[in-house]
Amino acid sequence: MSEAFLELGSRTPALSEGDNPKPKLLTLGGDHSVALPALRALNKIYGGPIAVLHFDAHLDTWHPAKYPSAWESAQSDFTHGSMFWIASNEGLILNCSSAHAGLRTRLSGDGWDDFIDDERQGFLRILSDDIDELGTKGIIDVILERIGLETPTYLSIDIDVIDPGLCPGTGTPEPGGWTSRELIKIIRGLEALNVIGADIVEVAPAYDGTGEQTALTAAQLGFEILTSWVGRGMKQVNQNRDEKAETVTKVGNLGSKKDEL
């Protein structure tokens with residue numbers, strides 16, 4: 001999968017005007033472990049570590065030994081709960097610029113080891129309950145302050161960040177999540193971020209309701225991400241055109257002054 005992502009990311013976009021002509025990757029799934037090959041590819045394409053904005057009920061920065069497999073191997077260490085731990089150890093994640101949002105996870109033991117490991121990997125934790133005090137705008141402000149507007153960012157959305165009463169179609173549901181309306185509003189408020197890749201994962205149709213509300217929500221989130229890319233790109237294009245026009249005007253004015261002299 002790493003090679004597939006790298007090949008896709010190496011293609012020239014149809015529209016490459018602006019400061020960043022490289023393609024952006026949006027992945028739909030499926031198992032959350034797809035974030036690791038995507039980060040590996042984006043690291044090579046963009047030439048360095050990337051901030052991760054991770055919407056999820058769970059940390060997913062667990063050491064593989066926290067949930068060991070009955071068949072120990074390097075392959076069994078790679079799961080949908082350890083991929084960010086692996087990515088961090090490979091130097092793919094930008095330390096102290098990344099954040100989790102919507103957390104309400106259980107810990108693997110009776111201590112704080114999970115949080116200590118998470119902090120070593122440079123993540124800020126925004127809990128699901130924080131939205132009661134901060135509101136959606138407050139959550140947006142915290143994320144923007146943490147990541148900044150120019151930092152290359154990977155946006156990862158595990159659908160279980162939304163309450164299972166609204167999105168039951170996922171494998172590890174956790175009560176007490178955000179509403180789909182709240183998450184959509186937050187995603188819209190983050191358009192200014194420099195998101196270079198994204199995923200929407202852990203959608204499990206077998207567990208979805210008869211109205212397929214989980215799939216519908218995931219599709220809407222994909223639409224929000226794509227339109228935010230278009231919106232940010234158009235603002236950049238217009239800004240570049242305005243700067244070029246201003247430069248041409250200044251050059252023209254200098255020529256007029258020379259003629260007068």
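Colleague: Which residue in E6 does Leu 155 stand opposite?
Modeller: In this predicted model, Leu 155 stands opposite Ala 198 in E6.

Colleague: In which sense do E5 and E6 pair, and over how many bridges?
Modeller: The pairing of E5 with strand E6 (residues 195–201) is parallel and runs over six bridges.

Colleague: And what does Leu 53 stand opposite in E5?
Modeller: Leu 155 again: that is the E5 residue opposite Leu 53. E2 and E5 run parallel and are joined by five bridges. Another position in E2, Phe 55, stands opposite Ile 157 in E5.

Colleague: How many bridges join E2 to E3?
Modeller: Three, and E2 and strand E3 (residues 98–103) run parallel. Leu 53 has Ala 99 as its bridge partner in E3.

Colleague: How many residues of E5 are buried?
Modeller: Six of its six, so E5 counts as mostly covered, buried being under 20% relative accessible area.

Colleague: Which residues point which way from E5?
Modeller: Thr 153, Leu 155 and Ile 157 go one way, while Tyr 154, Ser 156 and Asp 158 go the other. In a regular strand, side chains alternate between the two faces of the sheet. Both groups in E5 are buried.

Colleague: What about the two faces of E2?
Modeller: Both are covered, with Ala 51, Leu 53 and Phe 55 on one side and Val 52 and His 54 on the other. Five of the five residues of E2 are buried.

Colleague: Stepping back, how many helices and strands does the chain have?
Modeller: Seven helices and six strands. Along the sequence the pattern reads α-β-α-β-α-β-α-β-α-β-α-β-α. Of the 261 residues in the chain, 44% are buried.

Colleague: Different topic. How many cavities of 30 Å³ or more are there?
Modeller: One. Its volume is about 100 Å³.

Colleague: Which residues line the largest cavity?
Modeller: The lining is Leu 53, Leu 155, Ile 187, Leu 190, Glu 191, Leu 193, Val 195, Ile 225, Ser 228, Trp 229 and Arg 232. Leu 53 and Leu 155, the pair that stand opposite each other across E2 and E5, are both in that list.

Colleague: Which element gives the most to the lining of the largest cavity?
Modeller: Helix H7 (residues 213–260), with four residues.

Colleague: How do the lining residues divide into nonpolar, polar and charged?
Modeller: Eight are nonpolar, one is polar and two are charged.

Colleague: On to aromatics. How many aromatic pairs does a search of the whole structure find?
Modeller: Three. One of them is Phe 55 with Trp 178, where the ring centres are 6.4 Å apart and the planes are at 65 degrees.

Colleague: Why is the pair of Phe 55 and Trp 178 edge-to-face?
Modeller: Because the planes are at 65 degrees, and planes over 60 degrees apart count as edge-to-face.

Colleague: Where do Phe 55 and Trp 178 lie?
Modeller: Phe 55 is in strand E2 (residues 51–55), and Trp 178 is in the loop between strand E5 (153–158) and helix H6 (180–189). The pair therefore ties together parts that are 123 residues apart in sequence.

Colleague: Is Trp 178 buried or exposed?
Modeller: Trp 178 is buried, at 1% relative accessibility. Phe 55 is buried too, with a relative accessible area of 0%.

Colleague: What about Phe 84 and Phe 123, how far apart are the ring centres?
Modeller: 6.2 Å, with the planes at 50 degrees, so that pair is tilted. Phe 84 is in helix H3 (residues 83–89) and Phe 123 in strand E4 (residues 123–127), so the pair ties together parts 39 residues apart in sequence. Phe 84 is buried at 0% relative accessible area, and Phe 123 is buried at 5%.

Colleague: Charges over rings: what sits over the ring of Phe 115?
Modeller: The charged end of Arg 125, 4.1 Å from the ring centre. Elsewhere, Lys 22 lies over the face of Tyr 46, at 5.1 Å from the ring centre.

Colleague: How far apart in space are Thr 12 and Lys 22?
Modeller: 6.7 Å from C-alpha to C-alpha, with their positions ten residues apart in sequence numbering. Thr 12 is in the loop between helix H1 (2–9) and strand E1 (25–28).

Colleague: Is Thr 12 buried or exposed?
Modeller: Thr 12 is exposed, at 68% relative accessibility.

Terms used
Residues numbered from 1 in each chain as written. Predicted model: local features only at pLDDT ≥ 70, side-chain atom pairs only at ≥ 80, totals over all residues. Heavy atoms only, no water. 1 Å grid on protein atoms, 1.4 Å probe; cavity = no way out; pocket = protein on both sides within 12 Å on 5 of 7 lines; lining within 4 Å. Points joined across faces, edges and corners; volume = space filled by probe spheres on them. Nonpolar A, V, L, I, M, F, W, Y, C, P; charged D, E, K, R; others polar. Phe/Tyr/Trp six-rings, centres within 6.5 Å; stacked < 30°, edge-to-face > 60°. Buried < 20%, exposed > 50% of the residue type's maximum accessible area, 1.4 Å probe, protein only. Lys NZ or Arg CZ within 6 Å of the ring centre and 35° of its normal. Pairing = 2+ DSSP bridges.
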